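The following walks through one model, starting from its sheet and ending with single residues. Please keep the sequence and the coordinates at hand.

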Amino acid sequence: QQLFYGQRSTNLNAAGVLTDTLTARQDSDVTRAFGIEPLKEEESTAFTLGLAWRPNDKFALTVDLFQIDINDRIIFSSNIQPEDAATCGPAFQGCPIRAILDPIGVGQVLFFTNAIDTKTEGVDIVADYNLDVWGGTLDLTALMHWNSTVVNKRHSDSSVLAPQVLFDDTQVTLVEKGQPGAKHVLQGFWHNNAWELTLRENYFGSVSGEGFTPGLKETWGGKWLTDVAVGYNFTDNIRLTVGASLHADRLDGAPEHMVE
């Protein structure tokens, strides 16, 4: 789908103005005009180190460290926009991006390309403990995950688009901070022959993004979500479960903080 995907839609440009946006198919006239090479396969190297410990029948612990390096990562480019028309000479002289986009009537373009090299490092910790309580068994589980991704290099084969234009700082922020760097689950599951009770706390770490103001990065803090479920087994084949998901959120939807 990365080779043949394409669409034309109406989106906001960097100035917040609605404009026709082309997601160009790989090896199309547009990507060839920009000098974008056809997609090639990513190359990755992964390292892992694991530890497992089970001192008794009630407790178990595993710790896994990992590192994943991806070269020539396939990813969406920036939203590439034409130069200011006032700076262009006759026949788009000095404005190579506008010379490509204006004849097809679009205000910005993006496409898949092998734009970056990345490194992801992280750790997974899983702890399990069980005990007999209230006439049944209580299983306690903690799953904790941390990861960090950095863009090591940006590169471009295009003579029109420099690496920092093909994949700009906004896209770097999306890759490095656009997904939570932490994901934790704390769970208690109690059960006997008929009844089941689950209480689960899910944590998603903070994320960051850049909007239409260059250099302005917004960060939204992490959130805890609570899942509760009660189940009853009428027979081996029939079970009724009632559950709810609870979370507190800010009503205004504003970011936790902003830094320039």
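**From the sheet to single residues**

This is a predicted model. Its account can start with an open sheet of eight strands, ordered β3-β4-β6-β7-β8-β9-β12-β13 and paired in the antiparallel sense. At the edges are β3 (43–53) and β13 (239–247), each of which pairs on one side only. On average, neighbouring strands of this sheet are turned by 10 degrees against each other, direction ignored. Strands of a sheet pair through backbone hydrogen bonds, in either a parallel or an antiparallel arrangement.

One edge can be followed in detail. Strand β12 (residues 223–233) pairs with β13 over nine bridges, in the antiparallel sense. Within this region, Gly231 has Thr241 of β13 as its bridge partner.

Next comes a helix that lies across part of the sheet. Helix α4 lies across β4, β6 (112–133) and β7 (136–154), and runs at about 155 degrees to β7. Gln171 belongs to this helix, which covers residues 169–177. Beyond its neighbours within four places in sequence, Gln171 is in contact with Phe76, Ser77 and Ser78. Gln171 counts as buried because its relative accessibility, 16%, is under 20%.

Two residues remain, both with an unusual sign of phi to check. Asp72, in strand β4 (residues 59–76), has a positive phi near 55 degrees and is not a glycine. Its relative accessible area is 16%, so Asp72 is buried. Phe92, also not a glycine, has a positive phi of about 60 degrees. Phe92 sits in the loop between β4 and α2 (96–101), and its relative accessibility of 30% means that Phe92 counts as partly exposed.

Note on methods:
Residues are numbered from 1 along each chain as its sequence is written. This is a predicted model: local features need pLDDT of at least 70, side-chain atom pairs count only at pLDDT 80 or more; totals for chains, interfaces and linings use all residues. Side-chain values use heavy atoms; hydrogens and water are left out. Helices (H or I, at least four residues) and strands (E, at least two) are DSSP runs, numbered from the N terminus. Buried means under 20% relative accessible area, exposed over 50%, partly exposed in between (1.4 Å probe, protein chains only). Contact means heavy atoms within 4.5 Å. Two strands pair if DSSP finds at least two bridges between them. Axes are lines fitted to C-alpha atoms, for helices over the stretch in contact, and angles run from 0 to 180 degrees between N-to-C directions.
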